[in-house]
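Me: Please take a close look at one nonpolar patch on the surface of this model. I would like the whole chain described as background before you turn to the patch itself.

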Amino acid sequence: MEEQLNRFRKLLKERGLKTTSQRMAILKVLLDQPDSHLTAEEIYDLVKKDWPDIGLATVYRNIQLLSEMNLIDKLNLDDGYVRYEIGDQNQQSHHHHHHMICISCGKVFAFQEDLLDNLEQKIEQTTGFVVSDHEVKLYGHCAQCLAKGGVESE
């Protein structure tokens, strides 16, 4: 984790920004919860444990800045909340991982495999349109909900 935080410090400095303790606390919270998709309020609650004097507005401002810098990703999972997670550390691809959303329990699962590369290449070849990013959300029922019964595989 310290290696990742050092990488964030370096990126912030390269972009002319200070590595404030609040920014680093937000990044640490997101690093500590890699499979979570946290709202700003949830991030605030977790950061507040170590920084009790931090304000919600400070967390919102820093989240916005970190999102604009592509250090964290902003997600809309169609549940009425904007959620955040750590962005692509390598920045090699502008594509993000994708999400599977259980319509029974609401759990969100990430998957990394990007099966749309061939489609994007075909679109570019046939239309000249270059896809710069995409987001995939798959809705269905997770294995746990299916195992509990009452939900049939479709």
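**A surface patch and its setting**

Reply: In this predicted model, 32% of the 154 residues of the protein chain count as buried. The accessible surface of the protein chain is about 9,900 Å², and carbon and sulfur atoms contribute 50% of that area.

The fold comes next. The protein chain has six helices and six strands, and their order along the sequence is α-α-β-α-α-β-β-β-β-α-β-α. Two helices therefore precede the first strand, and four strands follow one another in the middle of the pattern. The C-alpha trace extends over about 50 × 45 × 25 Å along its principal axes. Among the contacts in the protein chain with a separation of 6 or more, 51% are between residues 24 or more positions apart.

As for charge, the protein chain carries 17 positive and 25 negative charges, and the mean positions of these two sets lie 8 Å apart.

Now the patch. Its members are Met100, Phe109 and Leu138. Together these residues have about 240 Å² of accessible area. Met100 can be placed in the fold: it belongs to strand 4, which covers residues 98-102. The relative accessible area of Met100 is 35%, so this residue is partly exposed. A patch residue needs over 30% relative accessible area and no salt bridge, and Met100 at 35% is therefore above that area cut-off.

Definitions and conventions:
Residues are numbered from 1 along each chain as its sequence is written. This is a predicted model: local features need pLDDT of at least 70, side-chain atom pairs count only at pLDDT 80 or more; totals for chains, interfaces and linings use all residues. Side-chain values use heavy atoms; hydrogens and water are left out. Buried means under 20% relative accessible area, exposed over 50%, partly exposed in between (1.4 Å probe, protein chains only). Contact means heavy atoms within 4.5 Å. Accessible areas come from the Shrake-Rupley method with a 1.4 Å probe; for residues, only the protein chains shown count as cover. Lys and Arg count as positive and Asp and Glu as negative; His and the chain ends are not counted. The place of a charge is taken as NZ of Lys, CZ of Arg, CG of Asp or CD of Glu. Patches are made of residues with over 30% relative accessible area and no salt bridge: like charges are joined within 9 Å, nonpolar side chains (Val, Leu, Ile, Met, Phe, Trp, Tyr) within 5 Å. A salt bridge is a side-chain nitrogen of Lys or Arg within 4 Å of a carboxyl oxygen of Asp or Glu.
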